[in-house]
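Colleague: Hello! Could you walk me through this structure, one question at a time?

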Amino acid sequence: MTDGVDMLAFGAHPDDVEIGMAATIAKHVQAGVRFGVCDLTHAEMSSNGTVELRQQEAAEAARAMGLACRSCLGLPDRGLTGSPDQIAAIVRVIRELRPRIVFAPYWNDRHPDHNAASRLVEEAVFNAKLRRYMPELEPVQVEQMFFYYINDVAEVDLVVNVSDWYEAKRRALSAYRSQFELGPGAVATPLNQRYVENVEARDRLLGGQRGWSFAEGFAAKRPVEVKLF
């Protein structure tokens, strides 16, 4: 795929990662971090757009964020069952790219695919370190796993000041015109009914709690190291 990445974010569909953490990615890329994204499905069940168009939009969003690589596993949309084959496919990506930190959707979202993706990636991160699991590939010990928010925000264990990088998020989201714009021939969905405005309001509110213009929040299941000095 590539020479490897420092951080790797998984999404159930193209645009999930952008909604949750596009500005955080842009901030880290500018600091020299190699960041990758892997979409689990082509979002072929989406009410608007086509698989081909969604892939073009995903590539445009990748450029806006400055990704080192982006891939799609082509797992079935609305068919993320957690099967051994699906877990193995994600493990393969982790072992090929060898990230230190992995991101996945928050585990309690209104969209069942996001919840399924969260579970799948968590299982894969665990299996990736087992030397007798898929022994043909060298095991990888991921240092930390974070969960980003798509539709809802619950407890926030980590908040990132993205005020100076928010324009990159706007560009990344605007790439998905088939999803967020009610154009000719499109049907009305929650995504094209001021959804992006609501995401921006959420990020502005989260940033305002710290006196910032914008922030993106994350949850963690393991304690997060903080260096005070």
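**A guided tour**

Modeller: Gladly, and we can begin at phenylalanine 229, which lies in the segment after β7 (215–219). Helices (H or I, at least four residues) and strands (E, at least two) are DSSP runs, numbered from the N terminus. This is a predicted model, in which local features need pLDDT of at least 70, side-chain atom pairs count only at pLDDT 80 or more, and totals for chains, interfaces and linings use all residues. Residues are numbered from 1 along each chain as its sequence is written, and side-chain values use heavy atoms, with hydrogens and water left out.

Colleague: Is phenylalanine 229 buried or exposed?

Modeller: Buried means under 20% relative accessible area, exposed over 50%, and partly exposed in between (1.4 Å probe, protein chains only). Phenylalanine 229 has 95% relative accessibility, so the label is exposed.

Colleague: Which residues form a nonpolar patch on the surface with Phe229?

Modeller: Patches are made of residues with over 30% relative accessible area and no salt bridge, where like charges are joined within 9 Å and nonpolar side chains (Val, Leu, Ile, Met, Phe, Trp, Tyr) within 5 Å. Accessible areas come from the Shrake-Rupley method with a 1.4 Å probe, and for residues only the protein chains shown count as cover. The patch has about 470 Å² of accessible area together, and the partners of Phe229 in it are Val226 and Leu228.

Colleague: Which element gives the largest share of the largest nonpolar core?

Modeller: A nonpolar core is a set of buried Ala, Val, Leu, Ile, Met, Phe, Trp, Tyr and Cys residues joined through side-chain atoms within 4.5 Å. The largest one has 38 residues, of which Met21, Ile25, Phe35 and Phe103 touch the most other members. Elements that give two or more residues to this core include β1 (7–11), α1 (16–30) and β2 (35–41). The largest share, seven residues, comes from α1.

Colleague: How many salt bridges does a search of the whole structure find?

Modeller: A salt bridge is a side-chain nitrogen of Lys or Arg within 4 Å of a carboxyl oxygen of Asp or Glu. One of them joins glutamate 143 and arginine 100, with the closest N and O atoms 3.4 Å apart. For the whole structure, the search gives 17.

Colleague: How many residues apart in sequence are the parts that arginine 110 and aspartate 152 tie together?

Modeller: These two form a salt bridge, their closest N and O atoms being 2.7 Å apart. Arginine 110 lies in the loop between β4 and α4, and aspartate 152 in the loop between β5 and β6 (158–161), so the parts tied together are apart in sequence by 42 residues.

Colleague: Are glutamate 216 and lysine 169 buried or exposed?

Modeller: Their side chains meet in a salt bridge (2.8 Å, N to O). Glutamate 216 lies in strand β7 and lysine 169 in helix α5, so this pair ties together parts that are 47 residues apart in sequence. As for accessibility, glutamate 216 and lysine 169 are both buried.

Colleague: What radius of gyration does the chain have?

Modeller: The radius of gyration is taken over C-alpha atoms, and the globule rule is 2.2 Å times the number of residues to the power 0.38. With 229 residues, a compact globule would come out near 17 Å, and the chain agrees because its own value is 17 Å.
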